[in-house]
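Subject: Structure for you to look at, with notes

Dear colleague,

I am passing on the structure we spoke of, and I would be grateful if you kept it open while you read the notes that follow.

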Amino acid sequence: MPSAAQLAFWNRTAECSVNDLETSRLESRSLVRFWDQRNTVHMYATTDWPFLHSAFEQRQSLLQKKFAAAGLLGEFRRTVGRTAKRLADGQVLTYKDINSKRLQEGQDKWVVSYVIFMQLVREGVACHGPDLGNQSTFAHREHWLPDLAWSPPGADAVFPLLAERYFATYGPAEARDLAFWYGTGVNQAKTWIAAVGKQLTTIEVDGEPRWCRRADLEQLSEPPPSRGAWPVRLLGRFDVLLLATKDKSWLIDEEHYKKVWRPAAHVEAVLLVAGRIAGTWSYERKAAGLRVRLTAFARLPKTVIRAAERQATAIAQFQGTELADLRLDQP
């Protein structure tokens, strides 16, 4: 969902516009779409691709495991190879350009194509090119990014670095949070943490040990701002904050958990007030502008409602339109 990535950037980057992001991806090509944890597409700095390649190359989708169980792994590899050759010849391909009767028999053709391109991206062969209407396209890395230095780190270096970067972004956190984020076992995550060395340390949060970077200790010792000084934020669906840790109790009351993390791995857009989730929201883009619906878990103070309306107005402007209306549902 490109809109989810766009909102995540907008909420964290001053004066960011949709055009800025598209220019960075398609013209300067400093951003690239990449499959990583959750087997879903995220947007990263292009210079991070070699690092991400090493970190996620060995991940397998459920469909690949099904192919292996059905004796179709050889056909899968051959289809990946044929597609790689077409890309190397300068073709730009879409999901519709994948044809393999054996793989697609009894399967959704789009899902098969999705997994083929996921494998090519993770192997460092292909990346997302310009969209063709509502369709994604894929180009060979060496054609799309000819100047990208391709020197992926080895496993001994990449996973400690992955752990250090995780705690730099999401710490303080537990080993199980890193394991959850990446999709591995807790013991494996502990091995990566141990390999980081003295750059990480532990502190107590509510009486429990949590890992963080030593470089962040001074900032973590600062008192938090008063409740009224925290920004009110409308975070988009699948925002990285909502996918970062296994334990969500620091973000949301248990009674509201299933209103955000829904079946089929769907994650709702949320209203963030004083660092905690106070509701969900959605929008529709109409001819008159953006129609936003906000559903609060409890009655909101007028100051929060006004701040949420300002956020909704700014999001509409970010998307190149106006706020048509904001509907608020609350107890």
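Let me begin with the aromatic rings, of which a search through the whole structure finds 22 pairs; please keep in mind throughout that this is a predicted model. One of those pairs joins Trp110 and Tyr114, whose ring centres lie 4.9 Å apart with their planes at 35°, so the pair is classed as tilted. These two residues are about one helical turn from each other, because they stand four residues apart in helix H7. In an α-helix there are 3.6 residues to a turn, so residues three or four places apart point the same way. The two partners differ in their surroundings, for Trp110 counts as partly exposed at 46% relative accessibility, whereas Tyr114, at 16%, counts as buried.

A second pair is made by Phe159 and Trp192, with ring centres 4.7 Å apart and planes at 10°, so this pair is stacked. Phe159 belongs to helix H9 (residues 155–170) and Trp192 to helix H11 (residues 186–196), so their pairing ties together parts that are 33 residues apart in sequence. Both Phe159 and Trp192 are buried, and both are members of a cluster in which ring pairs also link Phe56, Tyr166, Phe167, Tyr170, Trp181 and Tyr182. Phe56 in turn lies in helix H3 (residues 49–56), a helix that is mostly covered, with eight of its eight residues buried; among them are Trp49, Phe51, Leu52 and His53.

Two rings also have a charge placed over them. The charged end of Arg29 sits over the ring of Trp144, at 3.4 Å from its centre, and the charged end of Arg141 sits over the ring of Trp150, at 4.0 Å from its centre.

Turning to the interior, the largest nonpolar core has 55 residues, and those that touch the most other members are Trp35, Ile116, Phe117, Leu120, Leu162, Leu178 and Trp181. Helix H7 (residues 109–122) supplies the largest share of this core, namely eight residues. Apart from this core lies another, of 26 residues, which includes Leu21, Val273, Leu294 and Ala312. As a general matter, nonpolar side chains tend to be buried together in soluble globular proteins.

Which residues does Phe117 meet, leaving aside its neighbours within four places in sequence? Phe117 is in contact with Trp35, Thr83, Leu93, Thr94, Tyr95, Ile98 and Phe138. Several of these names come up again around Ser136, which, not counting residues up to four places away in sequence, touches Arg33, Leu93, Thr94, Tyr95, His128 and Asp131. Ser136 is found in the loop that runs between strand E4 (126–128) and strand E5 (137–140). Is Ser136 buried or exposed? Its relative accessible area is 15%, which is under the 20% cut-off, and Ser136 is therefore buried. The C-alpha atoms of Ser136 and Leu93 are separated by 8.5 Å, although the two residues are 43 places apart along the chain.

The last part I would point you to is an open sheet of five strands, which has mixed pairing and the order E8-E9-E10-E11-E12. Its edges are strand E8 (233–235) and strand E12 (323–329), each of which pairs on one side only, and the twist from one strand to the next averages 25°. Helix H14 (residues 302–318) packs on this sheet and touches E8, strand E9 (269–273), E10, E11 and E12, while its direction makes about 145° with that of E12.

Within the sheet, E9 and E10 pair in the antiparallel sense over five bridges, and Val273 stands opposite Arg276 in E10. These two strands form a hairpin with two residues between them, and Ala274 in that turn has a positive phi of about 55°. Strand E10 (residues 276–286) and strand E11 (residues 289–296) are likewise antiparallel, over eight bridges, and they too form a hairpin with two residues between them. Here Lys286 stands opposite Gly289 in E11, and the bridge partner of Thr280 in E11 is Thr295.

With best wishes

Terms used
Residues are numbered from 1 along each chain as its sequence is written. This is a predicted model: local features need pLDDT of at least 70, side-chain atom pairs count only at pLDDT 80 or more; totals for chains, interfaces and linings use all residues. Side-chain values use heavy atoms; hydrogens and water are left out. A nonpolar core is a set of buried Ala, Val, Leu, Ile, Met, Phe, Trp, Tyr and Cys residues joined through side-chain atoms within 4.5 Å. Buried means under 20% relative accessible area, exposed over 50%, partly exposed in between (1.4 Å probe, protein chains only). Contact means heavy atoms within 4.5 Å. Two strands pair if DSSP finds at least two bridges between them. Axes are lines fitted to C-alpha atoms, for helices over the stretch in contact, and angles run from 0 to 180 degrees between N-to-C directions. Rings of Phe, Tyr and Trp (its six-membered ring) pair if their centres lie within 6.5 Å; planes under 30 degrees apart count as stacked, over 60 as edge-to-face and the rest as tilted. A charge sits over a ring if NZ of Lys or CZ of Arg is within 6 Å of the ring centre and within 35 degrees of the ring normal.
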